[in-house]
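Trainee: Could you show me how to read strand pairing and helix packing in a model?
Mentor: Gladly, let's look together.

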Amino acid sequence: MAEITAALVKELREVSGAGMMDCKKALAENGGNLDEAVDWLRKKGLAAAAKKAGRVAAEGLVAVVSGDKKGVLVEVNSETDFVARNDQFQGFVSGVAQQALGAGDIEALKNAKLSDGQTVAEKLTHLVATIGENMNLRRMATVSVKDGVVATYMHNATVPNMGKIGVLVGLESTGDKAQLAALGKQIAMHIAATNPSALDIKSVSQAELDRERSVLSEQARASGKPEEIIAKMVEGRLRKYYEEVVLLEQVYVIDGESRVKQIVEKAAKEIGAPVAITGFARMALGEGIAKEQADAA
């Protein structure tokens with residue numbers, strides 16, 4: 001068998017556009033024959049997938065699934081919303097979400113096997129080749145509890161448990177699980193609407209807090225007031241900042257007046273057991289992806 005050199009792998013990558021590991025495998029499977037390796041990649045759909053990999057995929061679906069004391073969110077992207085309504089794509093995303101319950105991270109999820117025996121990564125490559133759009137298993141998030149429930153909510157659902165914005169909320173409590181689930185869903189709906197960045201004040205990142213304090217200090221100094229007054233102004237404005245970004249400090253959108261922490265305290269009395277929100281995750285489709293802007297000219 002011919003030696004699989006780095007130069008040969010590089011040449012195959014340039015010809016096919018496929019990834020390095022796929023090219024090494026293709027050459028190994030075909031005795032180092034470049035032409036046969038190209039054909040092998042094409043048959044596997046890997047060359048076609050690679051050619052599409054540079055295209056922006058910001059549509060697709062967010063899926064949510066819950067198991068025993070655990071919930072998972074996954075985002076799978078496509079180039080167009082049309083593909084997100086494709087039954088084949090939806091079936092894939094549903095299968096990926098189920099596998100995510102047992103996966104520790106995104107890499108483990110890519111290597112998890114679906115019901116047809118293919119890994120998630122292999123199936124995704126096959127879909128790219130057959131459907132004709134770039135697709136990407138972008139991220140996953142989990143929330144779990146020791147004793148309680150993980151409530152789920154899908155906003156703007158395309159089909160049940162799949163859509164544009166998914167939310168998980170972990171509630172720790174020994175209280176009635178049905179009451180906890182109902183409370184959790186209401187709080188999840190609130191999170192979908194307000195997009196908090198932290199659970200409580202102590203969870204706000206120091207970098208985020210320092211940045212906000214710096215901005216507020218500069219704004220206060222513009223008033224020309226003494227430093228001791230400026231310090232009080234900054235602290236007052238920070239309280240307002242916490243009310244905007246901290247879940248427990250936010251005004252509950254469902255009643256428009258209570259704080260979320262007050263809603264939890266009230267629910268604990270009704271349930272007859274302490275209740276604590278121990279974690280949450282919110283995932284919005286395509287957030288953070290730079291989308292290509294069409295030039296009308």
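We will go through the strands and then a pair of helices.

Mentor: Keep in mind that this is a predicted model.

Trainee: Let's begin with the strands. In which sense do β1 and β2 pair?
Mentor: Strand β1 (residues 59-67) and strand β2 pair in the antiparallel sense, over 9 bridges. To find the register, take Val-64, whose bridge partner in β2 is Leu-73.

Trainee: How many residues lie between β1 and β2 in the hairpin?
Mentor: There are 2 residues between them, and Lys-69 in the turn has a positive phi of about 60°.

Trainee: Which strand pairs with β2 over 8 bridges?
Mentor: That is β3 (residues 136-144), again in the antiparallel sense. Here Lys-70 stands opposite Ser-144 in β3.

Trainee: Why is β2 largely enclosed by the rest of the structure?
Mentor: A general idea helps with side chains: in a regular strand they alternate between the two faces of the sheet. In this case, 8 of the 9 residues of β2 (residues 70-78) are buried, so the strand is largely enclosed by the rest of the structure.

Trainee: Now the helices. At what angle do α6 and α8 pack?
Mentor: Angles over 145 degrees count as roughly antiparallel. Helix α6 (residues 87-100) and helix α8 (residues 120-131) pack at about 170°, with their axes 11 Å apart; the two are therefore roughly antiparallel to each other.

Trainee: Which residues of α6 meet α8?
Mentor: Gln-88, Phe-92 and Val-96 do, and their partners in α8 include Leu-124 and Leu-127. By class, this contact has 6 nonpolar, 2 polar and 1 charged residues.

Methods
Residues numbered from 1 in each chain as written. Predicted model: local features only at pLDDT ≥ 70, side-chain atom pairs only at ≥ 80, totals over all residues. Heavy atoms only, no water. Axes fitted to C-alpha atoms, helices over the stretch in contact; angles between N-to-C directions. Helix = DSSP H or I, 4+ residues; strand = E, 2+ residues; numbered from the N terminus. Parallel < 35°, antiparallel > 145°, perpendicular 65-115°, else oblique. Contact = heavy atoms within 4.5 Å. Nonpolar A, V, L, I, M, F, W, Y, C, P; charged D, E, K, R; others polar. Buried < 20%, exposed > 50% of the residue type's maximum accessible area, 1.4 Å probe, protein only. Pairing = 2+ DSSP bridges.
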